[in-house]
Amino acid sequence: MTGVVLGGTQSGVGKTVAALATIRALQDDGHGVQPAKAGPDFIDPSHHAQVADRPSRTLDLWLEGRQGLRRNYARGHGDVCVVEGVMGLYDGDCSSTAMVAAALDLPVVLVVDAKAGMESVAATAHGFREYAAHAGVDVEVAGILAQRAHGGRHADGIRDALPEGLTYFGRIPPDSALEIPDRHLGLELGPEAPVDDGALAAAAETIRTDRLLDAARAPPAPDPEPEPGPADRDAARTAGERPTVAVARDAAFAFVYPATLDRLRDRATVVTFSPVAGADLPACDGVYLPGGYPELHGAALAESPALSTIAERAADGTPVLGECGGLMALSESLTTVEGDTHAMAGVLPAEVRMCDRYQALDHVELRADRDTLTAGAGETRRGHEFHYSSADVDADARFAFEVRRGSGITDERDGLTEYRTLGTYSHLHPESGAFDAFLDRVAAAAE
């Protein structure tokens, strides 16, 4: 599967819309397109999935490592992959878009805001290409996609000004119907705010797919998977013998990587349920509550029978893992920025309050002080945190992790524990080993 990376000059330049238009253009030409996202984001991929009709792969060097990143890319489907970058091309100290492109040996198509420039757009692209050597990143800037560019003289002026070696891949016309509304944590999710189909189809017509396909290339093959070990001992079990993991999946628990669901399904029977819709917890051997927007659905969660059932099962020793929004749902209460307080599951000794600005945004590294659901004592796990809430925890609360990078829950600690329940502000990727450890604990509890 060949691919290209759409890297921006900065955040907010319109990479997501450019990615959606590129996906649509390649689809209209008859290609099977695999979307992907550089960085740990959950929201932009939800828009990719709306257009591509398949999950978007997450590509992050910090979370996955070089070989894990290549393995994740190789698990995609289609003949061409469109990778949307994160922030500006060179921004990020541990997994910038340029670093991801270099790890995959994919060319970069630079998304430039051309609304108020022509020759200067070309100068910007030239500067970004030449900066690679200064940054010490072996990345090729192949050309540009002009965002918010009109046709005619405007587009011609941009194309004609490009230096030799930089290709004009087309433009995204200025159109308010292409704008995606946003809120805290980023854009609204794809199912909530899909881009206007007619406007997207019109934008797709202005993209030179022939040039994109000429520039695209396939990454190096990843190293073979590690030799099977204890984490894979139950991979060959029949569905009836496997443990069952219940995964919350709705608007309050929407932040889950496709690779995580793949890994869970490799070794367990996965059943999904919607606490927001009033569904109770199904029969299971373990529970996974991903992140999302519980703060937008506090009243529905407070009335959901699932939270009280989770509390009962947790007290009985069922392994329960909550990430960010899942941590919030497992707490005693959740207070919104408007001051409304909703009772949550009450498993973890914490009261969570939403704030009007973000409280943490970073890649994180955690070291386990003790055996816990996602790691053994002394092991490290890498993840990502981005949240607008803070947690007031009891003085005698128990934590599993020392935070070596990032903020955690409080005082450089993360992984609030009670019974066999773990709540963390960190979103973890299966390449870290966290979900293999979780599945080992679930299988052991089931036995």
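## Close-up views

**View 1. Arg-71 and Glu-431 join their side chains in a salt bridge, 3.0 Å from N to O.** A salt bridge here means a side-chain nitrogen of Lys or Arg within 4 Å of a carboxyl oxygen of Asp or Glu. What you're looking at is a predicted model, in which local features need pLDDT of at least 70 and side-chain atom pairs count only at pLDDT 80 or more, while totals for chains, interfaces and linings use all residues. Residues are numbered from 1 along each chain as its sequence is written, and side-chain values use heavy atoms, with hydrogens and water left out. The two partners come from distant parts of the chain, 360 residues apart: Arg-71 belongs to helix α3 (residues 61–74), and Glu-431 to the loop between β23 (427–428) and α13. Helices (H or I, at least four residues) and strands (E, at least two) are DSSP runs, numbered from the N terminus. Arg-71 is buried at 12% relative accessible area, whereas Glu-431 is partly exposed at 23%. For these labels, buried is under 20% relative accessible area, exposed is over 50%, and partly exposed is in between (1.4 Å probe, protein chains only). Across the whole structure, a search turns up 24 salt bridges.

**View 2. Arg-148 reaches Asp-113 in a salt bridge, with 3.1 Å from N to O.** This is another link between distant parts of the chain, spanning 35 residues: Arg-148 sits in the loop between β6 (141–147) and α6 (153–161), and Asp-113 in strand β5 (residues 108–113). Arg-148 is partly exposed, at 27% relative accessible area. Asp-113 is partly exposed too, at 35%.

**View 3. Asp-156 and Arg-159 form a salt bridge within helix α6.** Their closest N and O atoms are 3.0 Å apart. The two residues are three places apart in α6, so about one helical turn separates them. Both ends are partly exposed: Asp-156 has a relative accessible area of 33%, and Arg-159 has 34%. Elsewhere, salt bridges with shared partners tie Arg-263, Asp-266, Arg-267, Asp-436 and Asp-440 into one network.

**View 4. Helices α9 (residues 258–267) and α13 (residues 434–446) cross at roughly 35 degrees, their axes coming within 10 Å.** Two packed helices are described by the angle between their axes and the distance between the axes. Axes are lines fitted to C-alpha atoms, for helices over the stretch in contact, and angles run from 0 to 180 degrees between N-to-C directions. The α9/α13 crossing is right-handed, meaning that the near helix is turned clockwise from the far one by less than a right angle, with anticlockwise giving left-handed. On the α9 side, Thr-260, Arg-263, Leu-264 and Arg-267 make the contact; on the α13 side, it's Phe-435, Asp-436, Phe-438, Leu-439 and Asp-440. Contact means heavy atoms within 4.5 Å. Sorted by class, that's four nonpolar, one polar and four charged residues. Ala, Val, Leu, Ile, Met, Phe, Trp, Tyr, Cys and Pro count as nonpolar, Asp, Glu, Lys and Arg as charged, and the others, Gly among them, as polar.

**View 5. Thr-260 of helix α9 is buried, with a relative accessible area of 0%.** Setting aside neighbours within four places in sequence, Thr-260 is in contact with Tyr-288, Leu-428, Pro-430 and Phe-435.

**View 6. Seven strands make an open sheet with parallel pairing, in the order β3-β2-β4-β1-β5-β6-β7.** At the edges are β3 (57–59) and β7 (167–172), each with a single partner strand, so each has one side without a neighbour in the sheet. On average, neighbouring strands are turned by 25 degrees against each other, direction ignored. Two strands pair if DSSP finds at least two bridges between them; β1 (residues 2–8) and β4 (residues 80–88) pair in the parallel sense over six. Look for Val-5 opposite Val-83 in β4. Helix α5 (residues 119–135) packs on the sheet, touching β1, β5 and β6, and its direction makes about 140 degrees with that of β5. Helix α6 lies across β6 and β7, running at about 155 degrees to β7.

**View 7. Four strands form an open sheet with mixed pairing, ordered β15-β14-β16-β19.** The edge strands β15 (341–343) and β19 (389–393) each pair on one side only. Neighbouring strands here are turned by 20 degrees against each other on average, direction ignored. Strand β14 (residues 333–335) pairs with β15 in the antiparallel sense over three bridges, and Thr-335 stands opposite Thr-341 in β15.
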